[in-house]
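Q: Hey, I've got a structure open and I'm not sure where to begin. Can we just pick a spot and go from there?

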Amino acid sequence: MARHSSRPSPKPRPSNPAGTPYAGDESRLVVMGRILGPFGIQGWVKLRTFTETPDGLAGHREWWLRTKAGWRSAALQEFKVRPAAVSAKLEGVDDRNAAELLQGLDVAVTREGLGEAADGEFYWVDLVGLEVVNLQGEKLGQVEELLRTGGSDVLVVRGERERLIPFVADYVNSVDREAKRITVDWEAGYDV
């Protein structure tokens with residue numbers, strides 16, 4: 001005769017998708033998305049991408065996830081842009097429970113994994129930290145971040161005060177990544 005226990009059976013423990021810890025310089029990681037939560041029951045995750053196109057993460061097979069314990073590797077198996085969501089299947093994430101454990105984690109790739117930008121184009125990560133000077137040689141500060149607006153991207157430059165400079169040819173004279181300098185046609189006294 002079978003005996004029934006009043007205790008609930010233990011839940012199966014979800015697999016651990018976190019791979020090896022990141023051993024390099026963390027400043028070389030570029031956050032390109034965030035896991036919003038599970039997508040379905042087969043371990044897929046729903047993503048918010050911070051890339052120019054929704055499939056910007058699809059070509060990167062090695063992802064780095066920011067966990068409480070630090071950056072951990074994750075291998076991309078499949079990637080789909082669907083009408084309902086951008087979604088991905090990671091190695092070792094085989095059910096909804098495992099996908100739930102990843103909710104809220106940032107997704108990064110290495111800067112080296114991005115490759116070189118085309119002529120006249122720049123990755124935002126390459127602009128952050130560059131010194132900004134105007135045509136008169138006055139130092140305006142450093143690029144702290146970039147903002148995406150409806151019309152154009154905007155450099156957030158912090159020095160003795162914050163300046164918002166549109167990243168367009170009318171104002172940006174040159175970008176010299178080797179010298180770590182952006183030269184702009186922008187007066188030090190502009191209030192914008």
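A: Sure, let's start with Ala-188, which is partly exposed because its relative accessible area is 25%. One thing to keep in mind is that this is a predicted model.

Q: Okay, where along the chain does Ala-188 lie?

A: Ala-188 sits in the segment after β12.

Q: And which residues is Ala-188 in contact with, leaving aside neighbours within four places in sequence?

A: Its contacts are Asn-134, Glu-138, Leu-140, Arg-161 and Arg-163. Take Asn-134: in sequence, Ala-188 and Asn-134 are 54 residues apart, but their C-alpha atoms are 7.6 Å apart in space.

Q: Glu-138 was on that list. Which surface patch does Glu-138 help to form?

A: A negative one, together with Asp-170, Asp-185 and Glu-187. Asp-185 is in the segment after β12, with β12 covering 181-184.

Q: Is Asp-185 buried or exposed?

A: Somewhere in between: Asp-185 counts as partly exposed because its relative accessible area is 37%.

Q: Let me zoom out for a sec. How many helices and strands are there in the protein chain?

A: You'll find 3 helices and 12 strands. The chain has 192 residues, and 33% of them count as buried.

Q: What about the surface, how much does the chain expose?

A: About 11,900 Å², with 47% of that coming from carbon and sulfur atoms.

Q: And what share of the contacts with a separation of 6 or more is between residues 24 or more positions apart?

A: That share is 53%.

Q: New topic: salt bridges. How many does the structure hold?

A: There are 13. One of them joins the side chains of Arg-28 and Glu-112, with N to O at 3.1 Å. This pair links distant parts of the chain, 84 residues apart: Arg-28 is in the segment before β1 (29-38), while Glu-112 is in helix α2 (residues 111-114).

Q: How accessible are Arg-28 and Glu-112?

A: Arg-28 is partly exposed, as its relative accessible area is 34%. Glu-112 counts as exposed because it reaches 53%, and the cut-off for exposed is over 50%.

Q: Got another salt bridge, maybe one with Arg-181?

A: Yep, Arg-181 pairs with Glu-131, and their closest N and O atoms are 3.6 Å apart. Arg-181 is in strand β12 and Glu-131 in strand β7 (residues 131-134), so this bridge ties together parts that are 50 residues apart in sequence. Arg-181 is partly exposed at 33% relative accessible area, and Glu-131 also counts as partly exposed, at 21%.

Q: What does Asp-94 form a salt bridge with?

A: With Lys-89, where the closest N and O atoms are 3.3 Å apart. Lys-89 is buried because its relative accessible area is 9%, and buried means under 20%.

Q: Which residues are linked in a network of salt bridges?

A: Arg-111, Glu-116, Asp-126 and Arg-177 are linked that way.

Q: Switching again: where is Lys-180 found, and what's its phi like?

A: Lys-180 is in the loop between β11 (172-176) and β12. Its phi is near 60°, a positive value in a residue other than glycine. Most residues other than glycine have a negative phi, so that's worth a look. Lys-180 is also exposed, with a relative accessible area of 55%.

Q: Now strand β10. What's Pro-166 doing there?

A: Pro-166 is part of strand β10, residues 162-166. Not counting residues up to four places away in sequence, Pro-166 touches Ser-152, Asp-153, Val-154, Tyr-171, Val-172 and Trp-186. Leu-164 lies in strand β10 too, and it counts as partly exposed at 32% relative accessibility.

Q: How far is Leu-164 from Val-143?

A: They're 21 residues apart in sequence, and 9.7 Å apart in space from C-alpha to C-alpha.

Q: Last one: is Thr-49 buried or exposed?

A: Thr-49 is buried because its relative accessible area is 18%. It lies in strand β2 (residues 44-49). Leaving aside neighbours within four places in sequence, Thr-49 is in contact with Met-32, Gly-33, Pro-54, Leu-57 and Val-86.

Conventions. Residues are numbered from 1 along each chain as its sequence is written. This is a predicted model: local features need pLDDT of at least 70, side-chain atom pairs count only at pLDDT 80 or more; totals for chains, interfaces and linings use all residues. Side-chain values use heavy atoms; hydrogens and water are left out. Patches are made of residues with over 30% relative accessible area and no salt bridge: like charges are joined within 9 Å, nonpolar side chains (Val, Leu, Ile, Met, Phe, Trp, Tyr) within 5 Å. Accessible areas come from the Shrake-Rupley method with a 1.4 Å probe; for residues, only the protein chains shown count as cover. A salt bridge is a side-chain nitrogen of Lys or Arg within 4 Å of a carboxyl oxygen of Asp or Glu. Lys and Arg count as positive and Asp and Glu as negative; His and the chain ends are not counted. The place of a charge is taken as NZ of Lys, CZ of Arg, CG of Asp or CD of Glu. Helices (H or I, at least four residues) and strands (E, at least two) are DSSP runs, numbered from the N terminus. Buried means under 20% relative accessible area, exposed over 50%, partly exposed in between (1.4 Å probe, protein chains only). Contact means heavy atoms within 4.5 Å.
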